[in-house]
Amino acid sequence: ARRVVAYALAQRGKPYRWGQEGPGAFDCSGLAWAAWRSAGLAWPRLTADGQWRRGPRVHGRLRPGDLVFFHTARMPAGHAGHVGVYVDAGRMVEAPAPGALVRVASTHRPGYLGATRPAPARGRGGGG
């Protein structure tokens, strides 16, 4: 998880671009995907099609590296449309929207759906 958070934080100031997964620009799910990939985990690329649906879900205190999900107006009720990488103390790294830069932001906002806790495969060199 330290690698995941370090990678996400290192992307601050890079532009949001839809469909991008780095290294020069990111969308929200591209940032989450690239951060976990930097730690050796194969994880779904898209928020709605896999990152939110693939568990395990976090029930309790969030930990650094958890993926935090939010409903957005463009998605049906209960479906995730935005994701960030949890850092600590109610903060996440996110690629927020077109025209914005990757930043650290609060997780305390409307539309919070929940979190998942990806984990690299054990005993396989950290890959997945």
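## His82 in strand β2

In this predicted model, His82 belongs to strand β2, which covers residues 82-88. The residue counts as buried because its relative accessibility is 7%, and the cut-off for buried is under 20%. The side chain of His82 is joined to the side chain of Glu94 by a polar contact of 2.7 Å.

## Ser106 in strand β4

Strand β4 spans residues 103-106, and Ser106 is placed in it. With a relative accessibility of 34%, Ser106 counts as partly exposed, whereas His82, at 7%, counts as buried.

A polar atom of the Ser106 side chain lies 2.9 Å from the backbone nitrogen of His108. When residues up to four places away in sequence are not counted, Ser106 touches Gly90 and Met92. Ser106 and Gly84 are 22 residues apart along the chain, and their C-alpha atoms are separated by 9.9 Å.

## Helices α1 and α2

Helix α1 is formed by residues 2-10 and helix α2 by residues 28-38. Their axes come within 8 Å and cross at roughly 135°. This angle falls outside the ranges for roughly parallel, roughly perpendicular and roughly antiparallel, the last of which starts over 145 degrees; α1 and α2 are therefore oblique to each other. The crossing of the two helices is right-handed.

On the α1 side, the contact is made by Arg3, Val4, Tyr7 and Ala8. On the α2 side, Leu31, Ala34, Ala35, Trp36 and Ser38 take part. By class, the residues of this contact divide into seven nonpolar, one polar and one charged.

## Gln11 between the helices in sequence

Gln11 is located in the loop between α1 and α2. Its relative accessible area is 5%, so Gln11 is buried. The side chain of Gln11 reaches back to the backbone oxygen of Tyr7 at 2.9 Å. Tyr7 is also one of the α1 residues that make the contact with α2.

Apart from neighbours within four places in sequence, Gln11 is in contact with Pro23, Phe26, Leu31 and Val102. Among these, Leu31 is one of the α2 residues in the contact between the helices. Gln11 thus touches a residue of α2, and the side chain of Gln11 reaches a backbone atom of Tyr7.

## Pro56 and residues 115 to 117

Pro56 sits in the loop between α3 (47-51) and β1 (67-70). Leaving out residues up to four places away in sequence, Pro56 touches Ala115, Thr116 and Arg117. Of these, Ala115 is 59 residues from Pro56 in sequence, with a C-alpha to C-alpha distance of 8.5 Å.

## The chain as a whole

The protein chain contains three helices and five strands. Read along the sequence, these elements follow the pattern α-α-α-β-β-β-β-β.

The chain has 128 residues, of which 44% count as buried; His82 and Gln11 are among the buried residues. Contacts between residues 24 or more positions apart account for 53% of those in the chain with a separation of 6 or more. One of the contacts across 24 or more positions is that of Pro56 with Ala115, residues that are 59 apart in sequence.

Terms used:
Residues are numbered from 1 along each chain as its sequence is written. This is a predicted model: local features need pLDDT of at least 70, side-chain atom pairs count only at pLDDT 80 or more; totals for chains, interfaces and linings use all residues. Side-chain values use heavy atoms; hydrogens and water are left out. Axes are lines fitted to C-alpha atoms, for helices over the stretch in contact, and angles run from 0 to 180 degrees between N-to-C directions. Helices (H or I, at least four residues) and strands (E, at least two) are DSSP runs, numbered from the N terminus. Angles under 35 degrees count as roughly parallel, over 145 as roughly antiparallel, 65 to 115 as roughly perpendicular and the rest as oblique. A crossing is left-handed if the near helix is turned anticlockwise from the far one by less than a right angle, and right-handed if clockwise. Contact means heavy atoms within 4.5 Å. Ala, Val, Leu, Ile, Met, Phe, Trp, Tyr, Cys and Pro count as nonpolar, Asp, Glu, Lys and Arg as charged, and the others, Gly among them, as polar. Buried means under 20% relative accessible area, exposed over 50%, partly exposed in between (1.4 Å probe, protein chains only). A polar contact is a pair of N or O atoms within 3.5 Å; within protein, one must be able to donate a hydrogen and the other to accept it, and residues adjacent in sequence count only if both atoms are side-chain atoms.
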